[in-house]
Amino acid sequence: MPAEICRFGLEIYRHYLTMGVSMIRINEIVDKIAKNNPDADLDLIERAYIYSARVHEGQNRLSGEPYLSHPLEVADILADMKLDSVSIAAGLLHDVIEDTHATPEDIKNVFGEEVFHIVFGVTKLGALPLDSSQARQAESIRKMILAMADDIRVILIKLADRLHNMRTIQFHKESKRKEIAQETLDIYSPIAARLGIYRMKKELEDISFMNLNYSEYSKIKSRITQGRKESEKYIETVKSFIQKKMMEANLKCEVLGRFKHFFSIYQKMINQQLEFKDIYDIIAFRIILDAIPQCYEALGLLHSMWKPIPKKFKDYIAVPKPNMYQALHTTVIGPFGERVEIQIRTWELDRIAKSGIAAHWSYKEGKYIDEKASKAFSWIQDLVEDQENFGDPNEFLENVRIDLFPDEVYLFTPQGAIKTLPRGATPVDFAYLIHSEVGNQCTGAKVNGRMVPLKTELETGNTIEIITSKGHHPSKDWLNFVKTVKARSRIRHWIKVQEKERSLTLGREMCEKAFRKYRLNFNETVKSDKMERVIADFGFKSLDDLIASVGYGKITPLQIVRKFSPKTETEEEQKSILTKVIGRVRKKKPRKGVVVKGVDDILIKFGRCCEPVPGDAITGYITRGYGVTVHRTSCVNALKMSPERQIDVEWNIDSGETYPVKIRVRSYDRVGLLADVSSNISKNAANILNAKSEANEDKTVTSLFTIAVEDTDHLNRVLSAIKKVKNVQEVKRIDH
């Protein structure tokens with residue numbers, strides 16, 4: 001290590017020690033890197049450390065720690081993942097463009113194109129002049145997806161950054177903690193899962209769970225802690241049975257027993273409507289061996305010792321998960337008549353299971369991910385291709401969430417090729433997975449040789465045959481059941497093309513009529529040089545786009561006429577015409593909860609499918625003659641509509657109205673349950689508009705309420721109050 005770097009590094013470390021701050025040292029990270037990779041470019045890492053320390057000097061985190069502690073911790077996480085020097089240098093520099101005076105040009109000149117490319121990909125879009133934090137978040141994630149498709153190291157650094165931020169999340173306000181935790185649960189932990197980095201996924205999920213639902217988190221933690229001594233004794237007993245059986249067969253192995261992470265336990269309680277005491281697989285066992293044939297031998301020994309449970313065996317060695325995870329999973333009836341979940345894998349497969357895509361990285365400098373691993377993560381490239389079809393960043397964000405859906409089914413083509421799709425996917429999703437044209441021309445499907453409806457949900461092991469017909473087109477109804485982003489985007493693209501053709505015809509007729517009224521010839525006017533300037537004034541690229549916009553109802557023919565003949569109606573008269581185009585004047589209630597582009601007296605309807613309330617991200621859609629319908633941006637029905645009919649809407653925070661919201665409450669049955677839930681709703685000033693309760697065979701109760709609330713904050717207070725009612729397991733806002 002150069003003397004200057006040693007001297008400066010020691011100076012920084014001593015400075016922070018005098019402040020009473022314990023910070024990881026760069027020497028510790030460098031030693032770790034050198035041990036993992038003797039050929040690592042340590043000079044690059046040390047220069048990145050010096051640069052980061054200098055530009056972040058004087059900055060502190062919310063915890064009061066020097067800001068430098070954060071890039072150092074990120075670099076340490078990356079070193080544990082055994083990433084290359086470029087990745088770790090970029091980790092040390094990942095915040096300098098956004099949070100310091102450093103410029104992109106500085107990074108490129110000092111550290112080279114490769115480091116700059118990764119740092120720029122990780123940098124958030126905090127400086128972009130976007131309308132809302134949600135739009136900024138969506139654009140940031142879009143940029144991150146684009147960058148990670150080009151270089152997967154971008155997302156590995158972003159995950160390390162998020163992991164350390166989650167470890168120190170306690171210094172944020174509660175509302176901010178919940179926002180960060182929800183984003184982590186929606187985006188980052190599923191990405192970690194899709195990349196096979198399960199160790200990181202579990203930690204991200206547990207910290208998010210703790211911040212989003214501390215009461216349930218603490219209950220599970222308390223119950224596991226109370227029974228830990230007994231559980232640890234049970235683990236040792238089962239391990240001894242397994243080790244003895246393996247030793248008898250001369251199989252050298254290591255047997256591990258562990259508690260499952262809290263969030264996975266909670267998910268199982270909710271999904272299967274179980275109490276904690278009824279969950280059998282809180283503890284799982286793992287057998288690690290030297291070679292794959294030994295894994296199958298160990299499986300046979302286990303099944304000869306304990307009876308396996310049918311349909312609970314999964315061979316992920318022969319058929320790996322899409323993220324390249326491989327292991328044998330089995331559940332058996334254990335030594336005390338209980339279910340025991342066991343994973344069997346080799347040491348190499350264990351390393352891959354913990355590190356995911358990072359385990360496939362070539363650690364020698366200048367080498368990239370191998371071709372086999374790159375093919376396995378082609379879903380990232382699919383995301384990039386699909387994002388080109390989404391003009392709305394929030395729509396893109398919603399589709400990223402869908403594409404990261406963790407549960408998958410494994411399917412076969414008639415030729416025996418294995419394909420994977422999200423659980424709940426249909427033959428239409430399968431058809432679009434094969435090819436866009438196969439999807440567009442799909443008329444039917446056979447599952448295991450039998451004809452099935454196109455909305456049939458596919459199951460693992462199904463063999464799918466798609467029947468096509470030339471000249472056939474997608475149906476808008478398919479959007480009600482398709483699950484993949486690719487299928488949805490291709491169907492919407494076809495609908496958009498059809499709608500544009502119809503709107504072009506209608507728009508041209510409307511323009512010709514309006515121009516005749518003012519003694520202008522529309523067909524001659526469109527050929528003039530002035531029309532080119534008018535098209536640009538309205539922000540369109542072509543005449544067809546301008547005319548189609550008239551057909552959609554987004555602008556009126558009169559607005560175009562006025563560019564050529566100023567002696568037309570006044571702006572008030574024009575606004576009146578716009579009102580008539582969009583919908584009839586709303587004469588009752590001059591005050592309302594939503595404003596449409598600043599235009600008054602437009603008929604506004606709220607989508608009954610998603611029931612938006614103030615605080616929700618919303619969007620409006622024009623329906624000619626019927627006004628503007630307001631939907632939540634994530635609403636499935638809104639996503640079916642043409643983007644060209646979209647219009648900007650915003651909440652009028654001074655309206656003082658209340659809005660209906662549907663919620664579902666799942667609980668264990670008891671006397672007085674419904675009365676207590678209703679009481680907690682009323683205590684929080686929410687009116688119950690409708691209530692329906694149904695008892696289930698498993699002694700649980702599902703209750704549906706429609707309540708009137710003022711905004712999302714009011715709704716969240718009501719949901720929190722209901723969660724405190726004894727025996728309530730889940731409270732959730734639902735769509736119709």
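**Figure 1. An open sheet of 3 strands runs in the order E9-E8-E10, with antiparallel pairing.** The model shown here and in the other views is predicted. Strand E9 (450-452) and strand E10 (464-468) stand at the edges. Each has a single partner strand, so one side of each is left without a neighbour in the sheet. From one strand to the next, the twist averages 35°. Strand E8 (residues 442-447) pairs with E10 in the antiparallel sense, over 5 bridges. Within this pairing, Val 447 has Ile 464 of E10 as its bridge partner. Helix H21 lies across E8, E9 and E10. The helix runs at about 80° to E10.

**Figure 2. Thr 426 sits in the loop between strand E7 (418-422) and helix H21 (427-434).** Is Thr 426 buried or exposed? Thr 426 is buried, with a relative accessible area of 1%. The cut-off for buried is under 20%. Leaving aside residues up to four places away in sequence, Thr 426 touches Leu 454, Lys 455, Thr 456, Leu 458, Phe 481 and Val 482.

**Figure 3. Arg 488 belongs to helix H23 (residues 485-517).** Despite its charge, this view is about burial: Arg 488 counts as buried, at 9% relative accessibility. Asp 429 is 59 residues away along the chain. The C-alpha atoms of Arg 488 and Asp 429 are separated by 8.5 Å.

**Figure 4. An open sheet of 4 strands has antiparallel pairing and the order E18-E19-E17-E20.** Which strands form the edges? They are strand E18 (687-695) and strand E20 (728-734), and each pairs on one side only. Neighbouring strands of this sheet are turned against each other by 20° on average, direction ignored. Strand E17 (residues 659-668) pairs with E20 in the antiparallel sense, over 6 bridges. Ile 663 stands opposite Arg 733 in E20.

**Figure 5. Helices H30 and H31 lie across strands of the sheet E18-E19-E17-E20.** Helix H30 (residues 673-683) lies across E17, E18, strand E19 (700-709) and E20. H30 runs at about 20° to E19. Helix H31 (residues 712-723) lies across E17, E19 and E20. H31 runs at about 160° to E20.

**Figure 6. Phe 209 and Tyr 266 form a stacked aromatic pair, one of 17 aromatic pairs counted.** A pair of aromatic rings is described by the distance of the centres and the angle of the planes. For Phe 209 and Tyr 266, the centres are 4.7 Å apart and the planes make an angle of 25°. Planes under 30 degrees apart count as stacked, so this pair qualifies at 25°. What does the pair tie together? Phe 209 lies in helix H12 (residues 198-212) and Tyr 266 in helix H15 (residues 262-271), so the pair ties together parts that are 57 residues apart in sequence. Both Phe 209 and Tyr 266 are buried. They also belong to one aromatic cluster, formed by Phe 209, Tyr 214, Tyr 217, Phe 262, Phe 263 and Tyr 266.

**Figure 7. The charged end of Lys 563 sits over the ring of Phe 538.** The distance from the charged end of Lys 563 to the centre of the Phe 538 ring is 5.4 Å.

**Figure 8. Helix H5 (residues 85-93) is largely enclosed by the rest of the structure.** Why is H5 described as largely enclosed? Of its 9 residues, 9 are buried. The buried residues of H5 are Ser 85, Val 86, Ser 87, Ile 88, Ala 89, Ala 90, Gly 91, Leu 92 and Leu 93.

**Figure 9. Cys 253 and Cys 511 appear in a structure that holds 0 disulfides.** Cys 253 is partly exposed, with a relative accessible area of 25%. Cys 511 counts as buried, at 0% relative accessibility.

**Figure 10. The whole protein has 31 helices and 20 strands.** The protein has 736 residues, of which 50% count as buried. Among contacts with a separation of 6 or more, 67% come from residues 24 or more positions apart.

Note on methods: Residues are numbered from 1 along each chain as its sequence is written. This is a predicted model: local features need pLDDT of at least 70, side-chain atom pairs count only at pLDDT 80 or more; totals for chains, interfaces and linings use all residues. Side-chain values use heavy atoms; hydrogens and water are left out. Rings of Phe, Tyr and Trp (its six-membered ring) pair if their centres lie within 6.5 Å; planes under 30 degrees apart count as stacked, over 60 as edge-to-face and the rest as tilted. Helices (H or I, at least four residues) and strands (E, at least two) are DSSP runs, numbered from the N terminus. Buried means under 20% relative accessible area, exposed over 50%, partly exposed in between (1.4 Å probe, protein chains only). A charge sits over a ring if NZ of Lys or CZ of Arg is within 6 Å of the ring centre and within 35 degrees of the ring normal. Contact means heavy atoms within 4.5 Å. A disulfide is a pair of cysteine sulfur atoms within 2.5 Å. Two strands pair if DSSP finds at least two bridges between them. Axes are lines fitted to C-alpha atoms, for helices over the stretch in contact, and angles run from 0 to 180 degrees between N-to-C directions.
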